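Biologist: I have some questions about the terms used for this model. Please set each value against its definition.

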Amino acid sequence: MSSAADPLAALGALPGVSESVDSVRKAVDRVYGHRVMRRRSGEITSEAALRAARGSAALSGADWALEEVRRRTDFGADAEARTVGAALRLTAEAGQLLSIWRQSPLRVLARLHLVATGTAADGDVVGRPRLAGEPVDEPLLADVPLPSADEVAGRLDGLSRLVIAGSSAPALVVAAVVHGELLALRPFASYNGLVARAAERIVLVNSGLDPKAICPAEVGHAEQGREAYLAAFDGYVSGTAEGMAEWIAHCGRAVELGVRESTAVCEALQRGAA
């Protein structure tokens, strides 16, 4: 992360990024203008949260059908169930942390990890960045080089400073960088992917781009598939202008697919079918 005054602003000028930003803004405006949103926005928000959790869990290896996620009440039976439960808790918790994010993003990240684990039974590895030599359980990213604990501490501090300082960059750019940086760092012992996507959600909502949380990027990330997700993330890790632009564009497509999902929910409600 650069120490320049507003290092994120330059990313908005990368080739293709402004087009992604404009496309996302138009898509979000369309769903917010749907007639169902005027009287049933709460239902859309609730349904978007459920679908977001399902999508995030799918990327972390628990690809359950939506109705199974909706039906289940026990999420402690096995690893997949625990992942789905963690995703559901994180999606619910994200909305409670909006006011804290801009003042203390590291506190929010610690809280997200604690919520994801659902217990403090793992001792002092919960809710804090990992120390040197501590393992990370993140199978999706097993082949991605893991930064050292010292590098994690420094880059988390840099990310925190950027969030607190604010940026003139579009919300999509900021959300994509927060998401990508947390994936790259994997600062916690577990559930880093879920935490990174929850943090992306917080930025999109807190920025005002999606204030009612009805455009679940997690749905779009899952719909594009794990292979595309990892390929785009490789671009982020590369640090090249082309790679960063591709990651931001991938995140933009994810938001647009989330918009499409919620638009379908709006239309189903309008028909009286949901």
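Modeller: First a definition: contact means heavy atoms within 4.5 Å. This is a predicted model, where local features need pLDDT of at least 70, side-chain atom pairs count only at pLDDT 80 or more, and totals for chains, interfaces and linings use all residues. Residues are numbered from 1 along each chain as its sequence is written, and side-chain values use heavy atoms, with hydrogens and water left out.

Biologist: What do the buried residues of α6 pack against?

Modeller: They pack against α4 (79-94), α5 (98-101), α7 (149-165), α8 and α9 (192-206). Helices here are DSSP runs of H or I with at least four residues, numbered from the N terminus. Among the buried residues of α6 are L109, L112 and H113.

Biologist: What makes the span of α6 close to the expected one?

Modeller: The expected span is 1.5 Å times one less than the number of residues. Helix α6 (residues 105-117) has 13 residues, for which 18 Å is expected, and reaches 19 Å from its first C-alpha to its last.

Biologist: Why is C215 called buried?

Modeller: Buried means under 20% relative accessible area, exposed over 50%, and partly exposed in between, with a 1.4 Å probe and protein chains only. C215 has 3%, so C215 is buried. C251 is at 0% and therefore also counts as buried.

Biologist: How do you know that C215 forms no disulfide?

Modeller: A disulfide is a pair of cysteine sulfur atoms within 2.5 Å. The closest cysteine sulfur to that of C215 is in C266, 9.5 Å away, so a bond is ruled out. The search of the whole structure finds zero disulfides.

Key:
Helices (H or I, at least four residues) and strands (E, at least two) are DSSP runs, numbered from the N terminus.
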